[in-house]
Amino acid sequence: MSTAVDFAARLIDPRAIAAAGHTAVLAYISPSRPGANFGAKPITADYARALTAAGLDIVSIWQYGKPGDPTPSDWTTGFDGGRRMAEQALATHLSVGAPRQAPIFFAVDEDITLSQWNSTAVEFFRGVNSVLGTAWTGIYGHARVCAWAIEDAVIGARGEFSWAWQTRAWSGTEREPRAVLYQRVIDTPSNPGPLIDGTRVDVNDILAADFGQWALDRSVSVPQFIEIDRLGPSHSPREGARVTNFVLHTQEGNGTAESLAAYLNNPANGVSYHYTLRDATVVRVVAEELASWSVLSANPFTVNLCFAGSRVAWSREQWLAIDGDLRIAAFLAVRSAHRHGYSTQVIGPDYHVADGITDHRYVTEALGIGSHTDVGPNFPWDVFAAHVASFASGGGGQTAIDARAAASPWLGARRTDGELITPDGAGRFAEFEHGYVYWHPATDAHAVPTAIMAKYAELGWETGPLGYPTAEHTELPDPRGSGPGLAQAFQGGVVYRRATQPAYWVHGAIGARWAAAGYENGELGWPASDETAHDDGVYQAFEFGRIYWVPEQIVALRNSGDPDTPLARPA
C-alpha cells in the first residue's frame, strides 16, 4: 500500500521522503497561527516544485486554529469563518501551483460530538462550500466526523470514495470505508512517528487511486484501472526541457505490466518507460518530471508508455482486442498533456513534427532519431484518436465556460461567438450581457459580474496582478450601506465592491491583516482605496482607518482622533 506523510515543523528534504518509501506529501496551505512558528506552514511554490521533482504527489490541507489555543479551532467559527478561511486557502493553494480541480482538506482536529457537528461544524463546511464548491471540499477528522460530512453532503466524492481523511485518533476500531486517506501513525511525545531528514512525521495510508493529489487531471472522466507505483532508478533529469510529446511503445515480449516494470527498474538493462500497461493495470516506473530511457536524445521532452505483452507485428484485430487498454493509454496521454501544457493532437502516419500524442515510429521518421518502428503498421489510430478526443473534450461537447454560463443565468445573453483566447494562450473567456466567464486550466471557469469587471479591467484583466478568478462572486450584507456588497477572489487577491461605491483590491500582508481584524464587519470596515505607496512601504485606506506596511512590519490604525489608535491583533 502506498503511503503519504504530513508534517508541520519544517520543510523536509523531498528526496529523503521519497527514499523512505513514501509517494506523497499532505502539505499545509494554512499559515502558522499567532504564537506558533511552523516552518512548513504554509508550503512554498519552490518547495512544491521540489516535491514534484522528487516524484512525490501533493495534497492540500488547511488547519489554522487549534483546541486550547487563543486561536479557536477552525470549525467553531461557523459559516463566515469557513467562507473566509476557504478564500485564503484557495488563494494560497493556487499560488503554490495547485490546480483548481483538486480538493482542500479542512481539519477537525478534536473529538467533537454529533451535537457540535450539527450546531456549528457543518455550518463551517457550508461556508467552505460557498467558496470552493462542495466538489472540492474535503475533511480531516475521526471516523464519525467523516461519516457525518458525507451524510450531510458538505464534502466532494469521486466514485465510491469521498474527500474524507480519517485519523486513527478518537476513532477506536471504527473505519470509514469511503475515506481516501487513513492517518495510521500519529507523531506524539509518547509514540513518536518515524524520523525523516531529522524530523518526525505522521504516516497515512492511501486508500484510493484519486486521493486528492494535485497531479491528477479531473477535467476528464477516468476509465477503470489500477495504478501502481514502482518508481525505480532508471531515469535522468530533463535538464529544463519542455515536454512536448506522449509516445507509445510495444514490448516485443510477453510480460505483464509489473514484470516489465521490474525489468525496467534494473539500470543495467539501459531502458525504461514512464508507464507500463496491460489488462487495466498501469505501473508508474518513472515520474513524469524525469526523463525515461526510451527514445535516445528525445528522452528529455517525451513521456513514454509501453503496452506490456504487445508486438509491432500485431494485426488490427489484436490491437482492438485490448481496446480497454487503448482507452486507458489515451486517458494517460491526455492527463499528461494537460499537466505539462502540450497539445492533445494525435500524430500518426503520415507523421509531421509537432507537439502531441504519437508513437516510437514518429521519433524515427519525423525526428530522425533511432530506427524503431513500433507501434507498428496495424495500430488502430482511428480508434485511439477517438478515445483521445473524448477525454480531451471532457467526454462531451460542452466546454467549462458553457457549463458555468448555464449555471449562472444572471449573466444574461451571450455576446461572444464561441470563446476568445487570452494573451497567455492558455486561458479562454466569453462575454455576456451582465459579465464575463474566464477559464484557465489551473483555476477552472468562473463568472465575473460587470460590477467587478471595471476594477478587473483597470488592473489589466488576467495579465495584471489579479490573474484569473478562482471562485464565484459572493454577496456581502452591508447594514451600513445602501445594499449588499460584492467580493470575488482572484489568483492575486480579492476585489471588494460596496454598493454604489468603486471596487478595491485587497491582497498580501495588508489583506491578511484586514482579515485578522474581521474583514468588512471588523473595526476597520470596508476598503476605501487600493494600496498607495508611502515612504518605504504602502498603506491602504479603509472605512474606519488605515493599514500601513513596510518590510518586516505592518500596523493597523483606527480613526479615533489625533493621533489615531493602533489596532491590536485579536487574541
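This section describes aromatic pairs, charges over rings, one helix packing and two exposed prolines in a predicted model.

Aromatic contacts are treated here first. A pair of aromatic rings is described by the distance of the centres and the angle of the planes. The model contains 27 aromatic pairs. One of them joins Phe379 and Trp381, whose ring centres are 4.8 Å apart; with 65 degrees between the planes, the pair is classed as edge-to-face because the angle is over 60 degrees. Both partners are buried: Phe379 has a relative accessibility of 4%, and Trp381 one of 15%.

A further pair is formed by Tyr456 and Phe490, with ring centres 4.8 Å apart and planes at 35 degrees, and is therefore tilted. This pair connects distant parts of the chain, since Tyr456 belongs to helix α12 (residues 450–458) and Phe490 to strand β26 (residues 485–490), with the two positions 34 residues apart in the sense of a separation along the chain. Tyr456 is buried, its relative accessible area being 0%. Phe490, at 1% relative accessibility, is likewise counted as buried.

Aromatic residues also assemble into a cluster, in which ring pairs link Trp62, Phe106, Trp117, Phe124, Phe125 and Trp148. Of these residues, Phe124 reappears below in the contact between helices α3 and α4.

Charged side chains are placed over aromatic rings at two sites described here. Lys41 lies over the face of Tyr28, at 4.6 Å from the ring centre. Arg175 is positioned over the face of Tyr182, at 3.6 Å from the centre of that ring.

The packing of helix α3 was examined next. Two packed helices are described by the angle between their axes and the distance between the axes. Helix α3 spans residues 78–95, and helix α4 covers residues 114–132. Their axes come within 6 Å and cross at roughly 40 degrees. The two helices are therefore oblique to each other, and the crossing in which α3 passes α4 is right-handed. On the α3 side, the contact is made by Gly78, Phe79, Gly81, Gly82, Arg83, Met85, Ala86, Glu87 and Leu90. The α4 side contributes Thr120, Glu123, Phe124, Arg126, Gly127, Val128, Ser130, Val131 and Leu132.

Thr92 is also part of α3. Thr92 has a relative accessible area of 17% and is therefore buried, the limit being under 20%. With neighbours within four places in sequence left aside, Thr92 is in contact with Ile29 and Pro42.

Two loop prolines are exposed. Pro70 occupies the loop between β3 (57–62) and α3, and its relative accessible area of 64% places Pro70 among exposed residues. The C-alpha atoms of Pro70 and Leu248 are separated by 57 Å, the two residues being 178 residues apart along the chain.

Pro423 lies in the loop between β21 (420–421) and β22 (428–432). Pro423 is exposed as well, with a relative accessible area of 67%. Between the C-alpha atoms of Pro423 and Thr463 the separation is 7.6 Å, although these residues are 40 residues apart along the chain. Apart from neighbours within four places in sequence, Pro423 is in contact with Glu462 and Thr463.

Terms used: Residues numbered from 1 in each chain as written. Predicted model: local features only at pLDDT ≥ 70, side-chain atom pairs only at ≥ 80, totals over all residues. Heavy atoms only, no water. Phe/Tyr/Trp six-rings, centres within 6.5 Å; stacked < 30°, edge-to-face > 60°. Buried < 20%, exposed > 50% of the residue type's maximum accessible area, 1.4 Å probe, protein only. Helix = DSSP H or I, 4+ residues; strand = E, 2+ residues; numbered from the N terminus. Lys NZ or Arg CZ within 6 Å of the ring centre and 35° of its normal. Contact = heavy atoms within 4.5 Å. Axes fitted to C-alpha atoms, helices over the stretch in contact; angles between N-to-C directions. Parallel < 35°, antiparallel > 145°, perpendicular 65-115°, else oblique. Left-handed = near helix turned anticlockwise from the far one by under 90°.
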